[in-house]
Amino acid sequence: MGQLIPVEQPLHKKGKNLLLMENQEPIDSFDSEAFSSLLLKEQLEKLDLSTPFKVEHNATLERFIRVYLRDRKEYFNRLINKSNYYFPIFEQFLDRYDLPLELKYLAVVESALNPVAVSSSGAKGLWQFMYGTGLEYDLYIDSYLDERFDIMKSTQAACAYLSKLYELFGNWDLALAAYNSGPGNVKKAIRRAGGNTNYWEIRKYLPRETSSYVPAFYATMYLFTHREFHEFSPVKGAVSYYETDTVHIKGTMTFAAINKNTGI
């Protein structure tokens, strides 16, 4: 595919993303006088004013944030480090499609920024496209080439898909839920809720993973935004996006020839 990328082993196992906490009982928040619920509510209110997403304080979102802070701080340090490479790529495409730049956090929840992630259900790549959806959004897939693993093309496809979902639902919470579980499941949940389109009120009618999906997205957005406040300490990556380039070749080339000509 031409693009040089830093590859890391998947941070999730057997297709289960570590950011999602379905099938878990509520966990008591850790004690912290310096980080009260009131302070978190104030921070979320300020975040809400800075984004087109509807960020509201509730018990579910607070639980996600506190669990991540208590149990997954090193995990987020790695994610923040990797984001320095991937986020500039995502932002270029999101800007081109006139989409909120905060949608870059969706790839964190989807794949933990692992470009070769494969879920147990067969979703692949940074944006976790299923086979059929990948084909629908012009990603080429055969036995030798799978453009779901192509950073640029899969990001463009994700932007096109998210644009369609927002046009369909007119609501970013529902668009995110539909990206995870499919538009049909979201429409079904709305019908079961008597036509209610508030995600937080219909989430009990959504698949278990999707009921955790949107809180995971907002918790990720919050923690990336307040990384300094919570004293995250990511290590600077060895490769920056701005230090890489794409090389186009006109014919077949062996790996030995690539090694000889590039030193890679």
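Which residues are linked with Asp146 in a network of salt bridges? In this predicted model, the network joins Lys124, Asp146 and Arg148. The structure holds seven salt bridges. Three of these pairings are described here, beginning with those made by aspartate 146.

Aspartate 146 pairs with lysine 124 through their side chains. The N to O distance is 3.8 Å. This pair links distant parts of the chain, with the two positions 22 residues apart in numbering. Aspartate 146 lies in the loop between helix 5 (131-136) and helix 6 (151-169). Lysine 124 sits in the loop between helix 4 (104-111) and helix 5.

The side chain of aspartate 146 also meets that of arginine 148 in a salt bridge. Here the N to O distance is 2.8 Å.

Are the members of this network buried or partly exposed? Aspartate 146 has a relative accessible area of 10%, so it counts as buried, the cut-off being under 20%. Arginine 148 is also buried, because its relative accessibility is 4%. Lysine 124 has a relative accessible area of 23% and is therefore partly exposed.

A further salt bridge forms within a helix. The side chains of arginine 66 and glutamate 62 meet at 2.8 Å, N to O. Both residues belong to helix 2 (residues 59-71). They are four residues apart, so about one helical turn separates them. Arginine 66 and glutamate 62 are both buried.

Definitions and conventions: Residues numbered from 1 in each chain as written. Predicted model: local features only at pLDDT ≥ 70, side-chain atom pairs only at ≥ 80, totals over all residues. Heavy atoms only, no water. Salt bridge = Lys/Arg side-chain N within 4 Å of Asp/Glu carboxyl O. Buried < 20%, exposed > 50% of the residue type's maximum accessible area, 1.4 Å probe, protein only.
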